[in-house]
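Grab a coffee and open your viewer. Here are a few exercises to work through by eye, each with a solution you can follow step by step.

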Amino acid sequence: MTKGKVDALLGIVFGDEGKGKVVDFFTPQYDVVARFAGGPNAGHTIIFDGKKFVLRSIPSGIFSETTLNIIGNGCVLAPDLFMVEAKEVEAAGYDIRQRLHISKRAHLILPTHRALDRAYEALKGKDKIGTTGKGIGPTYSDKAARVGLRVGDILDNFAEKYAALKARHEQILNNLGYAYDIAEEEQLWLEGVEYMKGFALTDSENELNAMLAEGKSVLAEGAQGTMLDIDHGTYPMVSSSSTTTGGVCTGLGVAPSKIADVFGIFKAYSTRVGSGPFPVELFDATGDRIREIGHEYGAVTGRNRRCGWLDLVSLKYAVQVNGVTQLIMMKSDVLDEFATIKVCTAYRKGGETLTTVPYDLNGCEAVYEELPGWQTDLTELTTYDALPQALKDYIAYIEQYIGVPITIVSVGPDRNATIVR
């Protein structure tokens with residue numbers, strides 16, 4: 001952490017790495033935690049003091065009394081879902097109205113955006129992306145088309161603006177022949193709009209830069225992962241936002257020169273939710289066992305996550321794209337029982353061996369190296385020195401391949417099950 005700078009914490013493969021836990025762990029070191037992209041398609045799980053929270057839109061630093069949290073301009077926000085989430089946190093005893101600011105430039109997810117999301121997925125048939133159905137893609141589409149509604153619009157002639165965009169969406173839905181009924185969710189959505197007015201709606205880019213000028217520290221919290229980035233991921237089976245370090249600058253309004261450390265977070269193995277190429281996917285009992293031990297089910301959707309061994313080719317690509325300075329390895333304990341652990345060090349496609357991520361991952365087969373497992377219960381360990389040698393060797397192998405140090409190792413879901421080297 002450097003005062004007057006922004007550190008970024010990013011998922012660097014397919015998301016679901018445990019960003020919420022690490023942001024919560026880091027929060028006491030920072031003055032500000034800011035979400036810069038994505039929306040309620042994210043599910044950041046935090047466990048401490050026997051309590052569990054799943055945050056979708058609210059930054060994961062919200063449980064600190066001394067840290068300001070900001071939903072940045074690069075995010076998309078559903079007022080109804082935000083209200084439900086915020087009230088759950090408030091009911092647990094946290095005064096989030098004093099800790100949370102929302103950018104006026106963040107775009108609003110309308111009920112009709114969610115209907116469009118479902119309609120577009122239905123039309124794709126077997127080529128479905130596997131979206132969460134939260135309206136994320138259509139909202140970012142409206143943003144790019146310059147017809148979207150933003151948080152700041154709820155303060156000025158909102159009813160007219162809302163009606164116009166709703167009518168636009170309804171025309172598209174009717175043209176598609178898609179049957180929908182948003183009456184009930186629209187009522188809750190409008191309640192959410194009124195609820196949001198009780199928060200500080202700010203020009204967050206000015207606010208952040210003023211705090212940086214005062215020497216304050218900011219942690220930018222990412223959503224999803226690099227391989228789901230709209231530009232650098234497995235397009236078109238990707239998210240609709242910039243999930244990389246570049247997205248920090250555009251999603252918060254801070255200059256590239258303000259970025260200091262970039263923490264890249266990954267699991268000791270690989271997972272993916274939804275459709276799209278996944279060369280390391282396991283279709284056997286090993287993949288099922290990893291899913292079972294790791295509780296690999298979507299925090300937002302509940303869907304089974306596809307599981308496989310660690311993909312070092314994709315990991316190295318993501319480190320390169322993001323300029324990662326430190327790596328954080330999560331869920332090491334999930335691999336405790338395996339006698340042999342594999343890592344993907346190359347792909348084979350069309351008779352070629354590839355050591356970099358190609359334009360199209362479809363048809364790529366993983367080439368593995370085998371390493372000995374540690375077969376030790378990690379969950380009670382608290383220092384790096386106490387880790388079994390086989391795990392230290394696994395860490396060293398990854399570091400040598402990637403060229404970036406692993407500085408934190410997670411050995412359990414609780415915030416205290418975090419080992420700093």
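The exercises below deal with a predicted model, and each one comes with its solution.

**Exercise 1. Find the residues that line the largest cavity, and sort them by class.**

Step 1: Start with the count. The structure holds one cavity of 30 Å³ or more, and the largest cavity has about 70 Å³ of space.

Step 2: List the lining. Val 13, Phe 14, Gly 15, Glu 17, Phe 266, Lys 267, Tyr 269, Ser 270, Thr 271 and Leu 310 do the job.

Step 3: Look for the elements behind that list. Strand S11 (259–267) and strand S12 (270–272) are the ones that give two or more residues to the lining.

Step 4: Sort by class. You should get five nonpolar, three polar and two charged residues.

**Exercise 2. Work out which strands pair with S2, and in what sense.**

Step 1: Take strand S5 (residues 68–71). S2 pairs with S5 in the parallel sense, over four bridges, and Ala 34 stands opposite Ile 70 in S5.

Step 2: Now take strand S10 (residues 218–221). S2 and S10 also pair in the parallel sense over four bridges, with Val 32 opposite Val 218 in S10.

Step 3: Check the faces of S2 (residues 32–35). Val 32 and Ala 34 are on one side, Val 33 and Arg 35 on the other, and all of them are buried, so both faces are covered.

**Exercise 3. Compare two aromatic pairs: Phe 25 with Phe 26, and Phe 63 with Tyr 94.**

Step 1: Know what to look for. A pair of aromatic rings is described by the distance of the centres and the angle of the planes. The whole structure has 12 aromatic pairs.

Step 2: Phe 25 and Phe 26 sit 6.1 Å centre to centre with 45° between the planes, which makes the pair tilted. Phe 25 is partly exposed at 26% relative accessible area, while Phe 26 is buried at 5%.

Step 3: Phe 63 and Tyr 94 are 4.9 Å centre to centre with 75° between the planes, an edge-to-face pair. Phe 63 is in the loop between strand S4 (51–55) and S5, and Tyr 94 is in the loop between helix H2 (79–91) and strand S7 (100–103), so this pair ties together parts 31 residues apart in sequence. Both Phe 63 and Tyr 94 are buried.

Step 4: Back to Phe 25 and Phe 26: ring pairs link them with Phe 263 into a cluster.

**Exercise 4. Which ring does Lys 316 lie over, and which one does Arg 421 lie over?**

Step 1: Lys 316 is over the face of Tyr 401, 5.3 Å from the ring centre.

Step 2: Arg 421 is over the face of Tyr 384, 4.3 Å from the ring centre.

Technical notes. Residues numbered from 1 in each chain as written. Predicted model: local features only at pLDDT ≥ 70, side-chain atom pairs only at ≥ 80, totals over all residues. Heavy atoms only, no water. 1 Å grid on protein atoms, 1.4 Å probe; cavity = no way out; pocket = protein on both sides within 12 Å on 5 of 7 lines; lining within 4 Å. Points joined across faces, edges and corners; volume = space filled by probe spheres on them. Nonpolar A, V, L, I, M, F, W, Y, C, P; charged D, E, K, R; others polar. Buried < 20%, exposed > 50% of the residue type's maximum accessible area, 1.4 Å probe, protein only. Pairing = 2+ DSSP bridges. Phe/Tyr/Trp six-rings, centres within 6.5 Å; stacked < 30°, edge-to-face > 60°. Lys NZ or Arg CZ within 6 Å of the ring centre and 35° of its normal.
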